[in-house]
Amino acid sequence: MRDPIIRFDHVRLRFGEETIFQDLSLSIGQGEFVCILGPSGCGKSTALRLMGDLLRPDGGSIAVEGRDPRETWDRLAFVFQSPRLAPWRTALDNVLLGMELRDARIDREQMRKRAVEALDLVGLAKDIGKYPRMLSGGEKQRVALARALAVEPHIILMDEPLSALDPNTRQRLRTEIVSIWRKTGKTIVFVTHDVEEALVLADRILLLSNKPTRVIETIMLDMPRPRSLDADACLTHRRQELMALFANLEPERAHA
Amino acid sequence: MPSLSLTAKRKLYANLFVLAMLGAWALASLRLPGYVLPTPWTVLRQTIDFVTTGKLAVQIFASIFHVAAALMIGFLAGTAIAVTGYYLKVTQVLIGRIAAFLNSFSSIGWALLAILWFGLNDLSVIFVIAIIILPIFIINMQAALDQVDRELIEMAQSYSRRWWRGFRLIVLPSLYPFMLASLRLAFGIAWKVALTAELFGGNSGFGFVINLAHQSINTPQIFVVIAIMIVISYVTDHLIFAPLQRHLTRHYADV
């Protein structure tokens, strides 16, 4: 594996009486596209929050680029399940918002240039003046992605960013996320509960268990992209394997 | 009758009602002595007279000054107190008690106290208005802060560790529509409190004029003050507050 950029060692976390992580260890390589896959409520999003220092663990250690997350929070950027755009700002101003929040010292012209580039990269060059209410769900999520890209993070943490979108938009955005990842070389940690999504996107899948959560399976995927589940026998096989594992974790979903 | 739109019909009824009331006033005033009910034309003539000769203009500006100054002070103090409670949760109970205390005391009580503390002057009047509208701002701004989108706040936290930036770029803009709504509400109340405050503790303004008119049994002058107050209040609300609030709500609230 490549140099680890994120590392969890025996991480422990409790919310009141409930143990979320008893002994969670994992590592993510520099430039890797990792999908964290698991049943709903298993603490996938919580793991991202720990990486981004929005939460502190109760025990064990977390290192991002070899340092404590408290020192490295500004190397990461989040893309959440909902776009979380400010309704009073245009697409361009929403991308600028991320930069304004993070670092007020950058020159205004420079910021604008970077924001326009990021919007161009996500395919919204023509819509920079539109307000969120004038954008579709997929377009809003693209703005959120541009906002993350514009702060030039080393790592992008994506928390089920496509789960609220319609199937067609989801398909298209998957492809685009992969191509942006290729172009920028950033490390992406992508949380999902969708087995197929993980198979299409990831270099490596970390399958999480129910609570108290641990990694029960690591799946390496070295097939070329773009991937199609129907065309690739190897992927179909992986999918059956994962579905079987998933069935034990979350019976209703696997049969659905 | 040609068909009218629903809005036009409603307006017509409202206007007819106002005309009917004016007519009733005119009829009644013909039968009653002038110190009980002056005629509409006396009031109109005196209003024009007062405004054009500048006799009352000074007093109008005094009242506007009192209300504007108190609104500014009440708004800034109330918002600051609510924001303190938002960021320093330990102060929340204390602030709740302050608001409840302020809410329970009447303007006349404050006016009498203000005379003893500050004397008969502008400061007393502004103090009374400000302290009466202060809880409106505290309570409304607290409610507004509770409404700020938590997901946006968390987004801001993920991009910045400086609370000030999150406040300036996310929290404050989310409050704009609520700020205007509470200013509008407080403005209406401030006008009414101003009259009481000036009557008891002032040496200028509408309340002061009414007090003088009352002492000299000059009933038309009281009517003149009422008429002017209605006009100012209506014009401010319709020409300033209402359009501004429509704009802010459309722009800053997620609709």
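Begin by selecting strand E3 (33-37) together with strand E7 (residues 187-192) of chain A, where 5 bridges join the two strands, which run parallel. As you look, keep in mind that this is a predicted model, for which the scores are ipTM 0.90 and pTM 0.84.

**Stop 1: strand E3 and its two partners**

To find one particular pair within these two strands, select Leu37(A), whose bridge partner in E7(A) is Thr192(A). Next add strand E8 (residues 204-208) of chain A, because E3(A) also pairs with E8(A), again in the parallel sense, over 4 bridges. Here the pair to pick out is Val34(A) with Arg204(A), the latter being the bridge partner in E8(A).

Are the residues of E3(A) buried or exposed? If you count a residue as buried when 20 or more other C-beta atoms lie within 10 Å of its own, then 5 of the 5 residues of E3(A) are buried, so the strand is largely enclosed by the rest of the structure. Colour Phe33(A), Cys35(A) and Leu37(A) in one colour, and Val34(A) and Ile36(A) in another, and you will have marked the two faces of E3(A), both of which are covered.

**Stop 2: the sheet around E3**

Now widen the selection to the whole sheet, which is an open one of 6 strands in chain A, with the order E5-E6-E7-E3-E8-E9 and with mixed pairing. At its edges stand strand E5 (76-79) and strand E9 (215-220) of chain A, each of which pairs on one side only. If you look along the sheet from strand to strand, neighbouring strands are turned by 15 degrees against each other on average, with direction ignored.

Follow the sheet towards E9(A), and you will see that E8(A) and E9(A) run antiparallel and are joined by 5 bridges. Arg204(A), which you selected earlier as the bridge partner of Val34(A), stands opposite Met220(A) in E9(A).

**Stop 3: Pro39, in the loop after E3**

Select Pro39(A), which is found in the loop between strand E3 (33-37) and helix H1 (44-51) of chain A. This residue has 22 C-beta neighbours inside 10 Å and therefore counts as buried. Then add Leu208(A) to the selection: Pro39(A) and Leu208(A) are 169 residues apart in sequence, but their C-alpha atoms are 7.5 Å apart in space.

**Stop 4: a sheet of three strands**

Still in chain A, select strands E2, E1 and E4, which in that order form an open sheet of 3 strands with antiparallel pairing. Strand E2 (18-29) and strand E4 (59-64) of chain A stand at the edges and have a single partner strand each, so one side of each is left without a neighbour in the sheet. The twist from one strand to the next averages 15 degrees. Between E1(A) and E4(A) you can look for 5 bridges, with the two strands pairing in the antiparallel sense, and a pair to select here is Arg12(A), which stands opposite Gly59(A) in E4(A).

**Stop 5: Asp3, before E1**

Move to Asp3(A), which lies in the segment before strand E1 (4-15) of chain A. Asp3(A) counts as exposed because it has 11 C-beta neighbours inside 10 Å. Leaving aside its neighbours within four places in sequence, Asp3(A) is in contact with Gly29(A) and Gln30(A). If you draw a distance from the C-alpha atom of Asp3(A) to that of Ala198(A), which is 195 residues apart from it along the chain, the separation is 22 Å.

**Stop 6: where chain B touches chain A**

Finally, bring chain B into view, a chain with a mean pLDDT of 90, in which 98% of the residues reach 70 or more. How many residues does the contact take from each chain? There are 18 residues from chain B and 16 residues from chain A. On the side of chain B that touches chain A, helix H7 (150-159), helix H8 (163-201) and helix H10 (219-252) each supply at least two residues, and H7(B) gives the largest share, with 8 residues. Sorted by class, this side of chain B has 8 nonpolar, 5 polar and 5 charged residues.

End the tour on H7(B), and select Leu152(B), Met155(B), Ala156(B), Ser158(B) and Tyr159(B), which are buried. These residues cover an arc of only 160 degrees around the axis, which puts them on the same side of H7(B). The buried residues of H7(B) pack against E5 and helix H3 (91-102) of chain A, together with H8 of chain B.

Conventions:
Residues are numbered from 1 along each chain as its sequence is written. Chains are lettered from A and ligands numbered from 1 in the order in which they are written. This is a predicted model: local features need pLDDT of at least 70, side-chain atom pairs count only at pLDDT 80 or more; totals for chains, interfaces and linings use all residues. Axes are lines fitted to C-alpha atoms, for helices over the stretch in contact, and angles run from 0 to 180 degrees between N-to-C directions. Two residues are in contact if their C-beta atoms, placed from the backbone, lie within 7 Å. Ala, Val, Leu, Ile, Met, Phe, Trp, Tyr, Cys and Pro count as nonpolar, Asp, Glu, Lys and Arg as charged, and the others, Gly among them, as polar. pLDDT is the predictor's confidence in each residue, from 0 to 100. A residue is buried if 20 or more other C-beta atoms lie within 10 Å of its own, exposed if 12 or fewer, and partly exposed in between; C-beta atoms are placed from the backbone. The arc is that of the directions from the helix axis to the C-beta atoms.
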